[in-house]
Amino acid sequence: MLYLRDKHRMEIEKSTKFVQENSITIKNHPLRQHYHFEVPYGWCNDPNGVIFFKGQYHLFYQHYPYQANCGAFKTYWGHAVSNDLLNWEHKKIALAPTDDFDNGGCWSGSAVELDGELLLFYTGISSKNNNAQVQCLARSSDGIHFIKSKKNPILSTPMCDTDALDFRDPKVWKYGDYWYMVVGSAKEELGTVLLYKSTDLKSWEFINYLIESFGKLGTVCECPDFFELDGKYVLLCSPKGMGQRKTIYLVGDFDYHVGRLFWSTYGEIDWGMDYYAPQSFLDGHNRRIMIAWANAWDWMPWFKNGYHTSQFGWSGGMALIRSLSLAKDNRLRCTPIQELKTLRNSRKVLENIALENGKVINLFASDNPCCELLFDIHVKDNLKQEEQKIILEFTENKSTIMICDIKKCEIVFHRGFTSKKCPLKLVDMHLKLHLFIDTTSVELFTDDDCVSMSNNVYDLGTTLKINMKAVGEGSHLHKLNCFPISAPNAESSG
Ligand code: FRU
């Protein structure tokens, strides 16, 4: 056992050193984002183990240190800490796939605190065991150096009628005297989420299928997350096999004795091309905070042309961090965290501008793409017109554009030949759009933060010029607040 721990420790040292040395070479690359979390070097996908521990935010993530691809999914857990969710300090790699129960990869999972220790639950891929997916535990007293449990795997079979090859991404929490865990799985190729309970975090008992797909929720429910919010219960999950949808939430009623979620509200967490595997946690202010991977898998219908920054040595980061609440109609509201406002620079305002058919207005120009834009557009109910659209162009060659189609009630984001849509809702004939732009991303929030759409784009360049134009008459820009955004203090590595 000592030997295995040494092997793990040595691989952690080796991989961390590799990342630190190589990160220097890309730190100032023009495509690095300025106010989003990004992997320092190599590959990153899902956020894992997000937790507020001993006064600091910890973010772990699926990581492959040696290449900017997922290394055939032989993933490690990267690690960063923050005091404010804006500045991240990269720490030592937390987990490496060095043991029999995880030598095919330390896949996604979660964290809890117990008696001053930070405990990580993750899925081990046991390549010695036909790539079976098993649940594992690691612990740390300083939140930096992790030791894998001698009892691993702590849960080696689903204990119910599901597929052990799709049995992953444990999310653990405490309620009353018990610990609970949800795990994503599949039953006869239909997604399901399994619920377990335990008194000691090591032996687990199956309670129920928290949800079953019955054909509506895809083929595998990846990365489930379950919590109480504003008096209801919310399940987040990232189902495979749902076409245009890939991050969904279900809101409903739940009773721990029954172990089944009776959901009545269903929605998309984010409609964009690049938002997957969100995970949430309660922070020190009792806010439910959500972090997600800002990228796509190759099985998603819109995935084309690989991972753009891989050629430079890194790929992957997190979308803007959001805080969660329920709207009156129980839809999930995902609001960009208020800390982001501290990054705003002096405001520019545009007011009362008529948007005439076909006329192009240059809204914003800057020598730096980073900005936040809040639009309030007034639309006249012009039923006689066949088309009524408001178009935002982010690049001069018009390859990155957003079309708000008032008649069709949809917003379409075009990235080259690929596009993705989300619903458009007017309130009292006003359309409100809140946009965050960083070096390689455009994130939209609308409909009182109940609709969001996050997309990566790679052609913004180092300067930004946004044009606006209308198709059809009757719209006018009531107000636009523009805030150039400064990067938080530069990242450091620990
Ligand atoms: C989701 C996912 C998880 C898995 C991990 C592997 O993006 O497929 O289900 O644990 O990525 O990296």
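Which residue forms a salt bridge with E13? Keep that in mind as you go through these close-ups of a predicted model.

**View 1. E13 pairs up with K92 in a salt bridge.** K92 is the partner we were after, and the closest N and O atoms of the two residues are 2.8 Å apart. E13 sits in helix 1, while K92 belongs to the loop between strand 4 (89-90) and strand 5 (106-114), so this pair ties together parts that are 79 residues apart in sequence. As for its surroundings, E13 counts as partly exposed, at 38% relative accessibility.

**View 2. K14 and E11 meet within helix 1.** Here the salt bridge has an N to O distance of 3.8 Å. The two residues are 3 apart in a helix that covers residues 2-26, and that spacing is about one turn. Is each partner buried or exposed? K14 is exposed, with a relative accessible area of 51%, whereas E11 is buried, with 15%.

**View 3. E89 and K91 join their side chains in a salt bridge.** From N to O, the gap is 3.0 Å. E89 is partly exposed, with 29% relative accessible area, and K91 is partly exposed too, at 22%.

**View 4. D329, R331, K425 and D447 form a network of salt bridges.** Instead of a lone pair, look for four residues linked together here. Across the structure, the count of salt bridges comes to 32.

**View 5. C371 and C409 take part in no disulfide.** A disulfide is a covalent bond between the sulfur atoms of two cysteines. How many does the model have? The count is 0. For C371, the nearest cysteine sulfur is that of C482, 6.9 Å away, and C371 itself is buried, at 0% relative accessibility. For C409, the closest cysteine sulfur is in C404, and because it is 12 Å away, it is too far for a bond. C409 is partly exposed, with a relative accessible area of 44%.

**View 6. The largest cavity holds about 120 Å³ of space.** Its lining is made up of 15 residues, and Q33, E38, A294, G317 and N456 are the closest to its centre. Sorted by class, that lining has 5 nonpolar, 9 polar and 1 charged.

**View 7. The second largest cavity holds about 100 Å³.** Among the residues lining it are F37, W88, M318 and I337. What classes of residue does the lining have? There are 11 nonpolar and 1 polar, with no charged residues. In total, the structure holds 5 cavities of 30 Å³ or more.

Conventions
Residues are numbered from 1 along each chain as its sequence is written. This is a predicted model: local features need pLDDT of at least 70, side-chain atom pairs count only at pLDDT 80 or more; totals for chains, interfaces and linings use all residues. Side-chain values use heavy atoms; hydrogens and water are left out. On a 1 Å grid over the protein atoms alone, a cavity is a set of points where a 1.4 Å probe fits but cannot get out, and a pocket is an open set with protein on both sides within 12 Å along at least five of seven lines; lining residues have an atom within 4 Å of a point. Grid points are joined across faces, edges and corners, and a volume is the space filled by probe spheres set on the points. Ala, Val, Leu, Ile, Met, Phe, Trp, Tyr, Cys and Pro count as nonpolar, Asp, Glu, Lys and Arg as charged, and the others, Gly among them, as polar. A disulfide is a pair of cysteine sulfur atoms within 2.5 Å. Buried means under 20% relative accessible area, exposed over 50%, partly exposed in between (1.4 Å probe, protein chains only). Helices (H or I, at least four residues) and strands (E, at least two) are DSSP runs, numbered from the N terminus.
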